[in-house]
Amino acid sequence: MKSYRAVLSLLFPFLLIACTTPQHGDTPPLVMGEEEPAGSTEATEELDTPLPIDPLVTVGLLENGLSYYIRENTEPENRAYLRLVVNAGSILEDDDQKGLAHFLEHMAFNGTASYSGNEIIEFLERLGMQFGPDINAYTSFD
């Protein structure tokens, strides 16, 4: 259990980005004088209906505004699967910034205030993870 908490504590600095990014899909506010399109309120209400959460999932909110979801899974044994999802992507980049989100993602593996250089990778590898299949980054358009 200690190593699980240690891994989670390592990820928290990377999660701070999620607290300050706009939500993709947010509809822009109406400009003064514009009218809301007919029927859009009903469609928006349907899209705003939250999906049900599995009762086996523990949901929480950290002081910094980061939401987390934890679900125990006994198979495979002695493993933890962690995924950081930041609701942002290259869609928020200007044309002259394309690739910056992905670059920053990979730079996070080059050290933090607590782990210089590749120490964070070495620590995760000592826990049994492998760089590439287990420790990696991915950026999508959204």
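What percentage of the 142 residues of the protein count as buried? The figure is 15%. Keep in mind as you click around that this is a predicted model.

**Start with the whole chain**

Show the cartoon and colour it from the N terminus on. You should find four helices and two strands, and the elements come in the order α-α-β-β-α-α. Now switch on the surface. The accessible area is about 11,600 Å², and carbon and sulfur atoms supply 55% of that. If you like contact maps, here is one number to go with the view: take the contacts between residues at least 6 apart in sequence, and 60% of them join residues at least 24 apart.

**Stop 1: the hairpin**

Select residues 58-61 and 67-70. These are β1 and β2, and they pair in the antiparallel sense over four bridges. Put labels on Gly60 and Tyr68: Gly60 sits opposite Tyr68, which belongs to β2. Next, follow the backbone around the turn. Five residues separate the two strands of this hairpin, and one residue in the turn, Gly65, has a positive phi of about 95 degrees.

**Stop 2: the salt bridge**

Stay in this part of the chain and show the side chains of Asp54 and Arg71. They meet in a salt bridge, at 3.1 Å from N to O. The structure holds one salt bridge, so once you have found this pair you can move on, but first look at where the partners come from. Asp54 is in the loop between α2 (40-48) and β1, while Arg71 is in the loop between β2 and α3 (100-107), so the pair ties together parts that are 17 residues apart in sequence.

Are these two residues buried, exposed or something in between? Asp54 has 33% relative accessibility and therefore counts as partly exposed. Arg71, at 43%, also counts as partly exposed.

**Stop 3: a cis proline**

Carry on along the chain to Pro76, which lies in the loop between β2 and α3. Zoom in on the peptide bond that runs from Glu75 to Pro76: it is cis, with omega near -5 degrees.

**Stop 4: the nonpolar core**

Now select Phe109, Ile120, Ile121, Phe123, Leu124, Met129, Ile135 and Ala137. These eight residues make up the largest nonpolar core. Centre the view on Ile135 and bring up its surroundings. Leaving out residues up to four places away in sequence, Ile135 touches Phe109, Ile121, Leu124, Glu125, Met129 and Gln130.

Then pick Phe123, another member of that core. Its relative accessibility is 15%, so Phe123 counts as buried. Add Tyr115 to the selection. The structure holds one aromatic pair, and here it is: Tyr115 and Phe123 are tilted, 5.8 Å centre to centre with 45 degrees between the planes.

**Stop 5: the segment after α4**

Where does Asn136 sit? You will find Asn136 in the segment after α4. Setting aside residues up to four places away in sequence, Asn136 touches His106 and Phe109. Phe109 should be familiar from the core. For a distance to check in the viewer, draw a line between the C-alpha atoms of Asn136 and Glu105: they are separated by 9.0 Å, with their positions 31 residues apart along the chain.

**Last stop: Ser140**

Finish with Ser140, which is found in the segment after α4 (119-126). Which residues does Ser140 contact, leaving aside its neighbours within four places in sequence? The partners are Gly89 and Ser90. Draw one more line, from the C-alpha atom of Ser140 to that of Ser90: the separation is 6.7 Å, though the two residues are 50 apart along the chain. As for accessibility, Ser140 comes in at 27%, so it counts as partly exposed.

Definitions and conventions:
Residues numbered from 1 in each chain as written. Predicted model: local features only at pLDDT ≥ 70, side-chain atom pairs only at ≥ 80, totals over all residues. Heavy atoms only, no water. Core = buried A, V, L, I, M, F, W, Y, C linked by side-chain atoms within 4.5 Å. Buried < 20%, exposed > 50% of the residue type's maximum accessible area, 1.4 Å probe, protein only. Contact = heavy atoms within 4.5 Å. Pairing = 2+ DSSP bridges. Salt bridge = Lys/Arg side-chain N within 4 Å of Asp/Glu carboxyl O. Areas by Shrake-Rupley, 256 points an atom, 1.4 Å probe, with all protein chains shown as cover. Phe/Tyr/Trp six-rings, centres within 6.5 Å; stacked < 30°, edge-to-face > 60°.
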